[in-house]
Amino acid sequence: MHEPRFLQIHYLTPYTGVLINRDDTGLAKRLPFGGTMRTRISSQCLKRHWRVADDPHALKFIDGFQDSFRSREIVNRKIFGAWSKVENEAVIQVLKDSFVKIIYGDKAKADDKKTRQTLLLGEKEIDFLSDAAQMLANDSDGDKKQAEKLVKEWIGEKSNKKKKKNIY
């Protein structure tokens with residue numbers, strides 16, 4: 001019978017002090033490591049470092065890489081980007097309110113980002129939602145009520161397709 005092997009590696013890596021773990025008083029959590037007190041770094045901090053790294057080993061150089069965006073303001077900044085500034089403001093506001101509720105849930109408010117969770121969406125998802133928003137804005141012909149009706153129909157189509165897929 002062979003003897004089990006186990007290799008454990010400990011190493012110190014310097015990271016900037018962003019997204020560090022905090023205790024209930026808001027101070028950075030610390031622990032003794034390597035004979036000295038060190039600040040604990042959260043997994044969020046590590047993941048952020050990996051996302052924003054700009055070196056030859058960065059994620060963006062992996063084959064098939066697609067960018068993604070992590071924000072509470074994906075609807076305002078990405079889905080309704082520059083194109084929405086040239087459209088009818090009333091229609092765009094109706095669509096933004098609807099898309100905020102679709103994406104973040106019924107309790108989310110378009111004018112209060114604190115009511116929304118931070119989401120991570122890929123480029124494909126954002127492009128799909130942006131195209132849908134543009135289509136709804138164009139089809140509404142500048143009429144708020146028509147925009148509301150079109151959004152409800154669009155939501156109904158999407159939920160009916162999900163139900164049909166889940167039957168089998």
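**Exercise 1. Which residue in β2 does L31 stand opposite?**

Before we start: this is a predicted model, where local features need pLDDT of at least 70, side-chain atom pairs count only at pLDDT 80 or more, and totals for chains, interfaces and linings use all residues. Residues are numbered from 1 along each chain as its sequence is written, and side-chain values use heavy atoms, with hydrogens and water left out.

*Solution.*
- Step 1: Find the strands. β1 covers residues 30–33 and β2 covers residues 36–39; strands here are DSSP runs (E, at least two residues), and helices are runs of H or I with at least four, numbered from the N terminus.
- Step 2: Check the pairing. The two strands run antiparallel and are joined by four bridges, while DSSP has to find at least two for a pair.
- Step 3: Read across from L31, and you land on R38.
- Step 4: Look at the turn. Two residues sit between the strands of this hairpin, and G34 there has a positive phi of about 65°.

**Exercise 2. Work out which residues the salt bridges of E73 join into one network.**

*Solution.*
- Step 1: Recall the rule: a side-chain nitrogen of Lys or Arg lies within 4 Å of a carboxyl oxygen of Asp or Glu. That gives three salt bridges.
- Step 2: Start with R77, whose side chain meets E73 at 3.5 Å, N to O.
- Step 3: Go on to K113, which pairs with E73 with the closest N and O atoms 3.2 Å apart. E73 is in the loop between β3 and α2 (74–79) and K113 in the loop between α3 (89–104) and β4 (119–122), so this pair ties together parts that are 40 residues apart in sequence.
- Step 4: Put them together: shared partners make one network of E73, R77 and K113.
- Step 5: Compare the cover. E73 is buried at 17% relative accessible area, R77 is exposed at 58% and K113 is partly exposed at 42%. (Buried is under 20%, exposed over 50%, partly exposed in between, using a 1.4 Å probe and protein chains only.)

**Exercise 3. Describe the surroundings of D54 and D141.**

*Solution.*
- Step 1: Take D54. Its salt-bridge partner is K60, with the closest N and O atoms 2.7 Å apart.
- Step 2: Add the exposure: D54 is exposed at 60%, whereas K60 is partly exposed at 42%.
- Step 3: Move to D141, in the loop between α4 (123–139) and α5 (144–167). D141 is exposed too, at 69%.
- Step 4: Check the backbone. D141 has a positive phi of about 55°, although it is not a glycine.
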